[in-house]
Amino acid sequence: MTVSAYESVYVNAFGSPSLVLERGEGVHVWDANGKKYLDLLAGIAVNALGYADDTMTKAIVEQTNKLAHVSNFFTTPAQINLAQKLVDLLESEGGRRGRVFLCNSGTEANEGAMKLAMLHKPGGKIIALEGAFHGRTLGALSITHKPAIREPFSQTPGCDFIEPSVTALDELGDDVAAIFLEPIQGERGVVPLDSEFLKAARAKADEIGALLVLDEIQTGMGRTGRWFAHTGTVQADVVTLAKGLGGGMPIGAIIATGPAENLFTPGSHGSTFGGNPVVAAASFAVLNKIETLLDHVSETGEWLTAELQSKGFAVRGAGLLLGIEVEDAPGLVGEMREKGYIVNATNENTLRLAPPLIITRDDLVPFINDLVQLRG
Ligand SMILES: Cc1ncc(COP(=O)(O)O)c(C=O)c1O
(Lines give C-alpha, C1' and ligand atoms only; values in the text may rest on other atoms or scores of the structure.)
Protein backbone atom coordinates (compact mmCIF):
# COMPACT_ATOMS: atom_id res chain seq x y z
CA MET A 1 0.00 0.00 0.00
CA THR A 2 1.31 3.40 -0.95
CA VAL A 3 0.53 7.05 -0.28
CA SER A 4 -0.31 7.56 -3.96
CA ALA A 5 -2.98 4.84 -3.72
CA TYR A 6 -4.51 6.86 -0.85
CA GLU A 7 -4.32 10.08 -2.83
CA SER A 8 -6.20 8.61 -5.76
CA VAL A 9 -9.21 7.55 -3.65
CA TYR A 10 -9.31 9.79 -0.56
CA VAL A 11 -10.36 13.45 -0.34
CA ASN A 12 -7.52 15.87 0.22
CA ALA A 13 -8.68 16.96 3.68
CA PHE A 14 -5.43 16.07 5.42
CA GLY A 15 -2.78 16.65 2.74
CA SER A 16 -0.57 13.71 1.89
CA PRO A 17 -0.16 11.27 4.76
CA SER A 18 3.49 10.94 5.70
CA LEU A 19 3.33 7.19 6.36
CA VAL A 20 1.22 4.16 5.69
CA LEU A 21 1.08 2.44 9.08
CA GLU A 22 0.37 -1.27 9.12
CA ARG A 23 0.56 -2.52 12.67
CA GLY A 24 1.45 -1.65 16.23
CA GLU A 25 2.51 -3.31 19.44
CA GLY A 26 2.93 -1.58 22.79
CA VAL A 27 4.46 1.84 22.16
CA HIS A 28 5.69 1.05 18.63
CA VAL A 29 4.17 1.09 15.16
CA TRP A 30 5.49 -0.29 11.88
CA ASP A 31 5.01 1.25 8.44
CA ALA A 32 4.32 -0.55 5.17
CA ASN A 33 8.07 -0.82 4.51
CA GLY A 34 8.63 -2.55 7.84
CA LYS A 35 10.25 0.47 9.52
CA LYS A 36 9.63 0.67 13.27
CA TYR A 37 8.72 3.92 15.09
CA LEU A 38 8.42 4.90 18.73
CA ASP A 39 4.99 6.53 18.82
CA LEU A 40 5.09 9.68 20.93
CA LEU A 41 1.73 10.89 19.66
CA ALA A 42 -0.59 7.87 20.09
CA GLY A 43 -3.05 8.92 17.40
CA ILE A 44 -3.05 12.41 19.04
CA ALA A 45 -3.67 11.45 22.66
CA VAL A 46 -5.95 8.54 21.78
CA ASN A 47 -4.15 5.19 22.10
CA ALA A 48 -3.85 5.35 25.86
CA LEU A 49 -2.77 1.71 26.20
CA GLY A 50 -0.62 1.73 23.08
CA TYR A 51 -1.30 -0.90 20.44
CA ALA A 52 -2.68 -4.43 20.53
CA ASP A 53 -3.48 -4.28 24.23
CA ASP A 54 -4.91 -7.64 25.33
CA THR A 55 -7.53 -6.33 27.75
CA MET A 56 -9.02 -4.05 25.13
CA THR A 57 -9.00 -6.73 22.43
CA LYS A 58 -10.63 -9.23 24.79
CA ALA A 59 -13.40 -6.78 25.73
CA ILE A 60 -14.10 -6.06 22.04
CA VAL A 61 -14.22 -9.73 21.05
CA GLU A 62 -16.36 -10.77 24.02
CA GLN A 63 -18.89 -7.98 23.47
CA THR A 64 -19.00 -8.50 19.69
CA ASN A 65 -19.80 -12.15 20.30
CA LYS A 66 -22.71 -11.10 22.54
CA LEU A 67 -24.18 -8.00 20.86
CA ALA A 68 -22.43 -5.64 18.45
CA HIS A 69 -25.17 -3.03 18.32
CA VAL A 70 -28.64 -2.19 19.61
CA SER A 71 -30.84 0.81 18.89
CA ASN A 72 -31.47 3.54 21.42
CA PHE A 73 -34.90 2.03 22.11
CA PHE A 74 -32.85 -0.31 24.30
CA THR A 75 -29.77 -0.20 26.49
CA THR A 76 -27.04 -2.72 27.32
CA PRO A 77 -24.98 -3.58 30.41
CA ALA A 78 -21.91 -2.24 28.56
CA GLN A 79 -23.53 1.18 28.07
CA ILE A 80 -24.74 1.40 31.66
CA ASN A 81 -21.40 0.22 33.10
CA LEU A 82 -19.46 2.87 31.21
CA ALA A 83 -21.85 5.69 32.07
CA GLN A 84 -21.77 4.61 35.73
CA LYS A 85 -17.97 4.57 35.68
CA LEU A 86 -17.75 8.09 34.23
CA VAL A 87 -20.24 9.49 36.72
CA ASP A 88 -18.35 7.82 39.59
CA LEU A 89 -14.97 9.06 38.37
CA LEU A 90 -16.13 12.66 38.14
CA GLU A 91 -17.70 12.53 41.57
CA SER A 92 -14.66 10.82 43.11
CA GLU A 93 -12.47 13.66 41.82
CA GLY A 94 -14.62 16.36 43.42
CA GLY A 95 -16.99 17.01 40.53
CA ARG A 96 -20.76 16.92 40.81
CA ARG A 97 -22.56 13.65 40.23
CA GLY A 98 -24.13 13.90 36.77
CA ARG A 99 -25.59 11.96 33.87
CA VAL A 100 -23.92 10.81 30.68
CA PHE A 101 -24.62 10.93 26.95
CA LEU A 102 -22.36 8.71 24.82
CA CYS A 103 -21.49 9.68 21.25
CA ASN A 104 -18.80 8.85 18.72
CA SER A 105 -16.19 11.61 18.77
CA GLY A 106 -14.98 14.75 20.49
CA THR A 107 -16.65 17.16 18.13
CA GLU A 108 -19.98 15.42 18.71
CA ALA A 109 -19.54 15.66 22.46
CA ASN A 110 -19.08 19.42 22.08
CA GLU A 111 -22.05 19.66 19.70
CA GLY A 112 -24.15 18.04 22.41
CA ALA A 113 -22.73 20.40 25.02
CA MET A 114 -23.63 23.35 22.77
CA LYS A 115 -27.18 22.04 22.54
CA LEU A 116 -27.26 21.88 26.34
CA ALA A 117 -26.17 25.53 26.41
CA MET A 118 -28.97 26.45 23.99
CA LEU A 119 -31.54 24.61 26.08
CA HIS A 120 -30.17 26.20 29.24
CA LYS A 121 -30.46 29.75 27.91
CA PRO A 122 -32.26 29.93 24.56
CA GLY A 123 -30.74 32.62 22.36
CA GLY A 124 -27.73 32.96 24.67
CA LYS A 125 -24.20 33.44 23.38
CA ILE A 126 -21.42 30.91 23.61
CA ILE A 127 -17.99 32.04 24.72
CA ALA A 128 -14.78 30.23 23.83
CA LEU A 129 -11.14 31.16 24.06
CA GLU A 130 -8.75 32.50 21.49
CA GLY A 131 -6.65 29.53 20.42
CA ALA A 132 -9.46 27.12 21.30
CA PHE A 133 -9.97 23.86 19.43
CA HIS A 134 -13.29 22.11 20.01
CA GLY A 135 -13.85 20.18 16.78
CA ARG A 136 -14.71 20.40 13.12
CA THR A 137 -18.43 19.77 12.70
CA LEU A 138 -20.39 22.97 12.20
CA GLY A 139 -21.38 23.65 15.80
CA ALA A 140 -18.05 22.75 17.35
CA LEU A 141 -16.25 24.47 14.49
CA SER A 142 -17.97 27.73 15.36
CA ILE A 143 -16.28 27.67 18.78
CA THR A 144 -12.91 26.62 17.32
CA HIS A 145 -10.83 29.76 17.04
CA LYS A 146 -8.28 29.29 14.23
CA PRO A 147 -9.65 31.49 11.42
CA ALA A 148 -8.09 29.35 8.66
CA ILE A 149 -10.23 26.36 9.58
CA ARG A 150 -13.38 28.21 10.78
CA GLU A 151 -13.87 31.14 8.42
CA PRO A 152 -14.53 29.19 5.19
CA PHE A 153 -17.67 27.92 6.95
CA SER A 154 -18.99 31.23 8.16
CA GLN A 155 -22.65 30.14 8.45
CA THR A 156 -21.85 28.36 11.74
CA PRO A 157 -23.87 29.24 14.90
CA GLY A 158 -21.26 31.74 16.02
CA CYS A 159 -19.40 32.46 19.20
CA ASP A 160 -17.49 35.24 20.93
CA PHE A 161 -13.82 34.48 21.45
CA ILE A 162 -12.04 36.02 24.42
CA GLU A 163 -8.46 35.95 25.66
CA PRO A 164 -7.92 33.70 28.69
CA SER A 165 -7.75 36.68 31.04
CA VAL A 166 -9.80 37.64 34.09
CA THR A 167 -10.32 41.09 32.56
CA ALA A 168 -11.96 39.54 29.49
CA LEU A 169 -14.28 37.53 31.75
CA ASP A 170 -15.30 40.72 33.55
CA GLU A 171 -16.91 41.97 30.34
CA LEU A 172 -19.33 39.01 30.07
CA GLY A 173 -23.00 39.60 30.81
CA ASP A 174 -26.32 37.80 31.29
CA ASP A 175 -26.65 37.09 27.56
CA VAL A 176 -24.02 34.32 27.82
CA ALA A 177 -25.34 30.74 27.83
CA ALA A 178 -22.04 28.88 28.21
CA ILE A 179 -18.31 29.31 28.54
CA PHE A 180 -16.26 26.54 26.89
CA LEU A 181 -12.72 25.95 28.16
CA GLU A 182 -9.94 23.40 27.60
CA PRO A 183 -7.87 23.08 30.81
CA ILE A 184 -4.79 22.81 28.58
CA GLN A 185 -5.14 24.32 25.11
CA GLY A 186 -3.61 21.48 23.11
CA GLU A 187 -3.88 22.85 19.60
CA ARG A 188 -2.72 26.29 20.73
CA GLY A 189 0.58 24.69 21.67
CA VAL A 190 -0.11 22.81 24.91
CA VAL A 191 -0.87 25.95 26.90
CA PRO A 192 -2.34 25.31 30.38
CA LEU A 193 -4.97 27.74 31.69
CA ASP A 194 -3.95 29.11 35.04
CA SER A 195 -6.03 28.19 38.05
CA GLU A 196 -6.87 31.83 38.82
CA PHE A 197 -8.51 32.13 35.37
CA LEU A 198 -10.40 28.84 35.77
CA LYS A 199 -11.74 29.95 39.16
CA ALA A 200 -12.70 33.35 37.78
CA ALA A 201 -14.55 31.63 34.90
CA ARG A 202 -16.46 29.50 37.41
CA ALA A 203 -17.39 32.57 39.46
CA LYS A 204 -18.45 34.48 36.34
CA ALA A 205 -20.56 31.58 35.04
CA ASP A 206 -22.34 31.47 38.42
CA GLU A 207 -22.86 35.23 38.42
CA ILE A 208 -24.39 35.40 34.92
CA GLY A 209 -26.18 32.04 35.00
CA ALA A 210 -24.07 30.45 32.26
CA LEU A 211 -22.92 26.85 32.02
CA LEU A 212 -19.21 26.21 32.48
CA VAL A 213 -18.21 23.52 29.99
CA LEU A 214 -14.83 21.85 30.38
CA ASP A 215 -13.57 20.22 27.19
CA GLU A 216 -11.39 17.41 28.55
CA ILE A 217 -11.28 15.62 25.21
CA GLN A 218 -7.50 15.82 24.97
CA THR A 219 -6.65 16.25 28.66
CA GLY A 220 -9.03 13.77 30.30
CA MET A 221 -8.88 10.07 31.14
CA GLY A 222 -5.39 9.88 32.62
CA ARG A 223 -3.52 11.93 30.03
CA THR A 224 -2.27 14.40 32.66
CA GLY A 225 -1.85 11.73 35.35
CA ARG A 226 -5.36 12.49 36.61
CA TRP A 227 -8.81 11.55 35.42
CA PHE A 228 -9.64 15.19 34.73
CA ALA A 229 -7.34 18.19 34.49
CA HIS A 230 -9.88 20.68 35.92
CA THR A 231 -11.07 18.91 39.06
CA GLY A 232 -9.53 20.13 42.28
CA THR A 233 -9.53 23.64 40.81
CA VAL A 234 -13.16 24.10 39.71
CA GLN A 235 -16.38 22.17 39.28
CA ALA A 236 -17.70 22.04 35.72
CA ASP A 237 -21.37 21.97 34.79
CA VAL A 238 -20.61 19.93 31.69
CA VAL A 239 -17.54 17.84 30.86
CA THR A 240 -16.82 16.57 27.36
CA LEU A 241 -14.58 13.57 26.71
CA ALA A 242 -13.32 11.54 23.74
CA LYS A 243 -9.85 10.57 22.46
CA GLY A 244 -8.22 8.44 25.22
CA LEU A 245 -11.64 7.44 26.56
CA GLY A 246 -11.87 4.72 23.91
CA GLY A 247 -8.17 3.84 23.79
CA GLY A 248 -8.51 3.81 19.98
CA MET A 249 -12.18 2.95 19.60
CA PRO A 250 -14.35 5.86 18.40
CA ILE A 251 -16.23 7.31 21.33
CA GLY A 252 -17.15 10.62 22.93
CA ALA A 253 -19.06 11.45 26.09
CA ILE A 254 -20.85 14.32 27.72
CA ILE A 255 -21.20 14.38 31.49
CA ALA A 256 -23.97 16.82 32.33
CA THR A 257 -24.22 17.91 35.96
CA GLY A 258 -26.08 20.41 38.11
CA PRO A 259 -28.15 22.82 35.98
CA ALA A 260 -27.28 20.80 32.83
CA GLU A 261 -28.21 17.36 34.13
CA ASN A 262 -31.88 17.35 33.11
CA LEU A 263 -31.84 19.58 30.04
CA PHE A 264 -32.05 16.76 27.51
CA THR A 265 -35.52 15.28 27.29
CA PRO A 266 -36.77 12.58 24.90
CA GLY A 267 -36.27 13.80 21.35
CA SER A 268 -33.79 16.58 22.08
CA HIS A 269 -30.67 14.60 21.22
CA GLY A 270 -29.66 11.24 19.77
CA SER A 271 -27.15 9.14 17.89
CA THR A 272 -27.46 5.75 16.21
CA PHE A 273 -24.02 4.57 17.26
CA GLY A 274 -23.57 6.58 20.46
CA GLY A 275 -23.36 4.13 23.37
CA ASN A 276 -22.56 1.22 21.04
CA PRO A 277 -21.92 -1.76 23.33
CA VAL A 278 -18.66 -2.90 21.70
CA VAL A 279 -17.13 0.54 21.98
CA ALA A 280 -18.52 1.02 25.48
CA ALA A 281 -17.11 -2.35 26.62
CA ALA A 282 -13.72 -1.48 25.15
CA SER A 283 -13.77 1.91 26.85
CA PHE A 284 -14.72 0.35 30.19
CA ALA A 285 -11.77 -2.06 29.94
CA VAL A 286 -9.45 0.78 28.94
CA LEU A 287 -10.52 2.89 31.93
CA ASN A 288 -9.95 -0.01 34.32
CA LYS A 289 -6.41 -0.30 33.04
CA ILE A 290 -5.79 3.46 33.05
CA GLU A 291 -6.66 3.34 36.75
CA THR A 292 -3.42 1.40 37.32
CA LEU A 293 -1.37 3.85 35.24
CA LEU A 294 -2.18 7.25 36.75
CA ASP A 295 0.85 7.40 39.07
CA HIS A 296 3.06 6.09 36.30
CA VAL A 297 1.84 8.87 33.99
CA SER A 298 2.53 11.57 36.59
CA GLU A 299 5.97 10.21 37.46
CA THR A 300 7.03 9.62 33.84
CA GLY A 301 5.74 13.05 32.80
CA GLU A 302 7.57 14.79 35.66
CA TRP A 303 10.77 12.90 34.92
CA LEU A 304 10.57 13.65 31.18
CA THR A 305 9.88 17.34 31.83
CA ALA A 306 12.83 17.57 34.24
CA GLU A 307 15.15 15.75 31.78
CA LEU A 308 14.15 18.05 28.93
CA GLN A 309 14.49 21.15 31.10
CA SER A 310 17.94 20.03 32.24
CA LYS A 311 18.92 19.97 28.55
CA GLY A 312 17.73 23.57 28.18
CA PHE A 313 14.26 23.05 26.65
CA ALA A 314 11.20 25.03 27.78
CA VAL A 315 8.39 22.54 28.45
CA ARG A 316 4.65 23.12 29.11
CA GLY A 317 1.80 20.80 29.97
CA ALA A 318 1.14 18.07 32.50
CA GLY A 319 1.59 14.30 32.77
CA LEU A 320 2.11 12.89 29.29
CA LEU A 321 0.71 15.86 27.40
CA LEU A 322 3.74 18.03 26.85
CA GLY A 323 4.68 20.89 24.54
CA ILE A 324 8.41 21.43 23.97
CA GLU A 325 9.60 24.74 22.55
CA VAL A 326 11.90 24.17 19.59
CA GLU A 327 12.96 25.98 16.46
CA ASP A 328 11.17 24.87 13.28
CA ALA A 329 8.87 22.31 14.92
CA PRO A 330 7.29 21.21 11.59
CA GLY A 331 10.78 20.52 10.19
CA LEU A 332 11.72 18.62 13.33
CA VAL A 333 8.71 16.30 12.91
CA GLY A 334 10.21 15.06 9.61
CA GLU A 335 13.74 14.84 11.01
CA MET A 336 12.52 12.83 13.99
CA ARG A 337 10.50 10.54 11.74
CA GLU A 338 13.70 9.70 9.83
CA LYS A 339 15.16 8.63 13.17
CA GLY A 340 12.15 6.47 14.00
CA TYR A 341 9.94 8.71 16.17
CA ILE A 342 6.39 9.93 15.64
CA VAL A 343 5.86 13.42 17.07
CA ASN A 344 3.69 16.37 16.13
CA ALA A 345 4.04 20.14 15.73
CA THR A 346 1.09 22.23 16.90
CA ASN A 347 2.70 25.40 15.54
CA GLU A 348 6.06 26.74 14.33
CA ASN A 349 7.68 26.43 17.75
CA THR A 350 5.90 23.68 19.64
CA LEU A 351 6.54 19.97 19.47
CA ARG A 352 3.64 18.08 21.08
CA LEU A 353 4.16 14.78 22.86
CA ALA A 354 1.13 12.66 23.82
CA PRO A 355 2.53 9.11 23.90
CA PRO A 356 0.71 5.98 25.05
CA LEU A 357 0.32 6.15 28.82
CA ILE A 358 2.31 2.91 29.15
CA ILE A 359 5.53 4.49 27.85
CA THR A 360 8.57 4.07 30.11
CA ARG A 361 11.73 6.05 30.87
CA ASP A 362 13.75 3.45 28.94
CA ASP A 363 11.59 4.07 25.86
CA LEU A 364 12.12 7.82 26.21
CA VAL A 365 15.92 8.02 26.76
CA PRO A 366 16.88 7.51 23.07
CA PHE A 367 14.25 10.09 22.05
CA ILE A 368 15.71 12.68 24.44
CA ASN A 369 19.23 12.02 23.13
CA ASP A 370 18.14 12.35 19.51
CA LEU A 371 16.17 15.52 20.29
CA VAL A 372 19.23 17.06 21.93
CA GLN A 373 21.31 16.10 18.91
CA LEU A 374 18.85 17.79 16.52
CA ARG A 375 17.80 20.88 18.51
CA GLY A 376 19.85 20.98 21.73
C1 LIG B 1 -9.75 19.74 23.02
C2 LIG B 1 -10.40 19.06 21.84
N3 LIG B 1 -11.72 19.16 21.67
C4 LIG B 1 -12.34 18.56 20.64
C5 LIG B 1 -11.64 17.83 19.70
C6 LIG B 1 -12.37 17.18 18.57
O7 LIG B 1 -12.35 15.81 18.73
P8 LIG B 1 -12.64 14.83 17.48
O9 LIG B 1 -11.48 14.97 16.55
O10 LIG B 1 -12.76 13.46 18.11
O11 LIG B 1 -13.90 15.27 16.86
C12 LIG B 1 -10.25 17.71 19.83
C13 LIG B 1 -9.47 16.98 18.82
O14 LIG B 1 -8.31 17.22 18.60
C15 LIG B 1 -9.61 18.35 20.93
O16 LIG B 1 -8.29 18.26 21.10
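Visitor: What makes the pair formed by a polar side-chain atom of Gln218 and an oxygen atom of the ligand a polar contact?

Guide: A polar contact is a pair of N or O atoms within 3.5 Å; within protein, one must be able to donate a hydrogen and the other to accept it, and residues adjacent in sequence count only if both atoms are side-chain atoms. The Gln218 atom lies 2.7 Å from the ligand oxygen, so the pair meets the 3.5 Å limit. The protein covers 81% of the 390 Å² of accessible area that the ligand has on its own, where areas come from the Shrake-Rupley method with a 1.4 Å probe and, for residues, only the protein chains shown count as cover.

A word on the model: it is predicted, with local features needing pLDDT of at least 70 and side-chain atom pairs counting only at pLDDT 80 or more, while totals for chains, interfaces and linings use all residues. Residues are numbered from 1 along each chain as its sequence is written, and side-chain values use heavy atoms, leaving out hydrogens and water.

Visitor: Which backbone atoms also lie 2.8 Å from an oxygen atom of the ligand?

Guide: A polar backbone atom of Gly106 does, and so does a backbone N or O atom of Thr107.

Visitor: How do you know which helix gives the most to the shell around the ligand?

Guide: Helix H5 (residues 106-120) gives three residues. Helices (H or I, at least four residues) and strands (E, at least two) are DSSP runs, numbered from the N terminus.

Visitor: Why is Ala253 called buried?

Guide: Buried means under 20% relative accessible area, exposed over 50%, and partly exposed in between, with a 1.4 Å probe and protein chains only. Ala253 has a relative accessible area of 0%, so this residue is buried. Ala253 is found in strand S12 (residues 252-257). Beyond its neighbours within four places in sequence, Ala253 is in contact (heavy atoms within 4.5 Å) with residues including Leu86, Phe101 and Val239.

Visitor: Which residues of helix H13 are buried, and what puts them on the same side?

Guide: In H13 (residues 329-338), Ala329, Leu332, Val333 and Met336 are buried. They cover an arc of only 110° around the axis, so they sit on the same side of H13; the arc is that of the directions from the helix axis to the C-beta atoms. These buried residues pack against strands S15 (341-342), S16 (344-347) and S17 (350-353) and helix H14 (361-375).

Visitor: What is found at the start of H13?

Guide: A side-chain oxygen of Asp328 reaches to within 3.0 Å of the backbone nitrogen of Gly331.
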